[in-house]
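Please open the model in your viewer and keep the sequence panel beside it. The tour below proceeds by selections, and each stop says what to pick and what is found there.

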Amino acid sequence: MTDADSLFTHGGPDALGAPAHDFSTNANACGPSPGAMELVRAADLSRYPDPAYTALREQLAAMHGVDAWRIVLAAGASEFIRRITTWVALENRNGHGEAALPAMSYGDYAASARALGLQVVRAPHAARRPWLAWCCDPSAPLGQAQQGIGETVDALPEGVPCVLDRAYEPLRLEGRLALNQRQLGRVWQMWSPNKALGMTGVRAAYAIAPADAQDAVRTLLRLAASWPVGADGVAMLSAWTQPGVQQWLRDSLVTLRAWKASQTALCSEMGWQVWPSDANFHVAKPGADDFAALLKRLRAAGIKLRDCTSFGLPGHVRMGVLPPASQQALKEAWTSAA
């Protein structure tokens, strides 16, 4: 294992290339969105984007009903995670603070905190000196509602920034976010539409700042590199605001619900323990004596599953919902491997 492997544990293509049936990512398997893809292909790659992203920020602000200054663009969610953690660390450089995380979460929250000298606390209410708090709903890796999210937001000391990762909100297949408008206005909302559009190769995201965070926004803009989002990312985020693309997304959720029902049924048929989920992915525990060997055999057969060991769930896999043909390939590979 290389240093890069140990630092960045993600799904998707690996040293063997792109798997034929990739259950390891949470991208919308109905994608890519045709409308969004059309705009990305038509993007003018011969020119720089507007460095202030004026029109794009206005489009996103209108979509969410907020002032344009509250839109902070980023070169993907992971870049924003690192940037806002950097801001927090710089603001508190003379102390020893904590980053409050859910019990299980996306690895980049903790990686960024540790890289910048923050102690990671895996229970929001247990943080004694919180400098930064993270929430995610639907959660990663379980795809469930984050328990007590409203109480977590309300319990934070005044002035402590809280980021709500809404990457999977557009891919929510059931349930709803348990925050009222006051609580939602308290947090930074981080959106990464490339998952919902089935275009994870386009690295672009944005955050909506709290209504009283103008100084913080100015600092985050100063911390950003020039042109963090390229022309392809601008095109994708612009497409995200279009009614036709949003309708395509709503239609895709109907298909994903049907695929998810058949996929979880298949996992149960194979003897796997399936965890409940509100999103387009779920966690399962295969019945295997040698878990690592099983994953290798399935990968060799073109099936990639996301090992949940890095989330604190050894022996479990996270599975994005894929079409019936991929589910059949999984069944055949499992039968052969078992």
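Which residue forms a salt bridge with Arg166, and how far apart are the closest N and O atoms? Select Arg166 together with Glu169: the two form a salt bridge in which the closest N and O atoms are 3.6 Å apart, a salt bridge being a side-chain nitrogen of Lys or Arg within 4 Å of a carboxyl oxygen of Asp or Glu. Before going further, note that this is a predicted model, in which local features need pLDDT of at least 70 and side-chain atom pairs count only at pLDDT 80 or more, while totals for chains, interfaces and linings use all residues. Residues are numbered from 1 along each chain as its sequence is written, and side-chain values use heavy atoms, with hydrogens and water left out.

**Salt bridges**

Stay with the first pair and color it by accessibility: both Arg166 and Glu169 are buried, where buried means under 20% relative accessible area, exposed means over 50%, and partly exposed lies in between (1.4 Å probe, protein chains only). Now add Asp137 and Arg172 to the selection, and you have a network of salt bridges that links Asp137, Arg166, Glu169 and Arg172. Side chains of opposite charge can pair when their charged atoms come close.

The structure holds 10 salt bridges. Next select Asp14 and Arg299, whose side chains meet in a salt bridge at 2.9 Å, N to O. This pair links distant parts of the chain, since Asp14 lies in the loop between α1 (3-7) and β1 (21-22) and Arg299 in helix α11 (residues 291-300), 285 residues apart; helices (H or I, at least four residues) and strands (E, at least two) are DSSP runs, numbered from the N terminus. Asp14 is partly exposed, with a relative accessible area of 30%, whereas Arg299 counts as buried at 12% relative accessibility.

Then move to Glu269 and Lys331, which form a salt bridge with the closest N and O atoms 3.2 Å apart. Here too the pair links distant parts of the chain, with Glu269 in helix α10 (residues 243-269) and Lys331 in helix α12 (residues 324-337), 62 residues apart. Glu269 is exposed, with a relative accessible area of 55%, while Lys331 is partly exposed, at 30%.

Return to helix α11 and pick Arg297, which has its place there and is partly exposed, with a relative accessible area of 42%. If you draw a distance from Arg297 to Ala337, C-alpha to C-alpha, it comes to 6.4 Å, although the two are 40 residues apart in sequence.

**Strand β6 and its neighbors**

Select strand β6 (residues 162-165), which is covered on both faces: Cys162 and Leu164 on one side, and Val163 and Asp165 on the other, are all buried. Add strand β5 (residues 130-136), which pairs with β6 in the parallel sense over four bridges, two strands being counted as paired if DSSP finds at least two bridges between them. Within this pairing, Cys136 has Asp165 of β6 as its bridge partner. Now add strand β7 (residues 188-191), which runs parallel to β6 and is joined to β6 by three bridges; the bridge partner of Leu164 in β7 is Gln189.

**Helix α5**

Select helix α5 (residues 107-115), whose buried residues are Asp108, Tyr109, Ala110, Ser112 and Ala113. Show what covers these buried residues, and you will find α4, β3 (98-100), β4 (119-121), β5 and β6 included, with contact meaning heavy atoms within 4.5 Å. After α5 comes Gly117, whose phi is positive, near 85 degrees.

**The antiparallel sheet**

For the last stop, which order do the four strands of the open sheet follow? Select β9, β10, β13 and β12, for the order is β9-β10-β13-β12, and the pairing is antiparallel. The edge strands are β9 (273-274) and β12 (306-307), each of which pairs on one side only. β12 and strand β13 (residues 317-320) pair in the antiparallel sense over two bridges, and Arg306 has Arg318 in β13 as its bridge partner.
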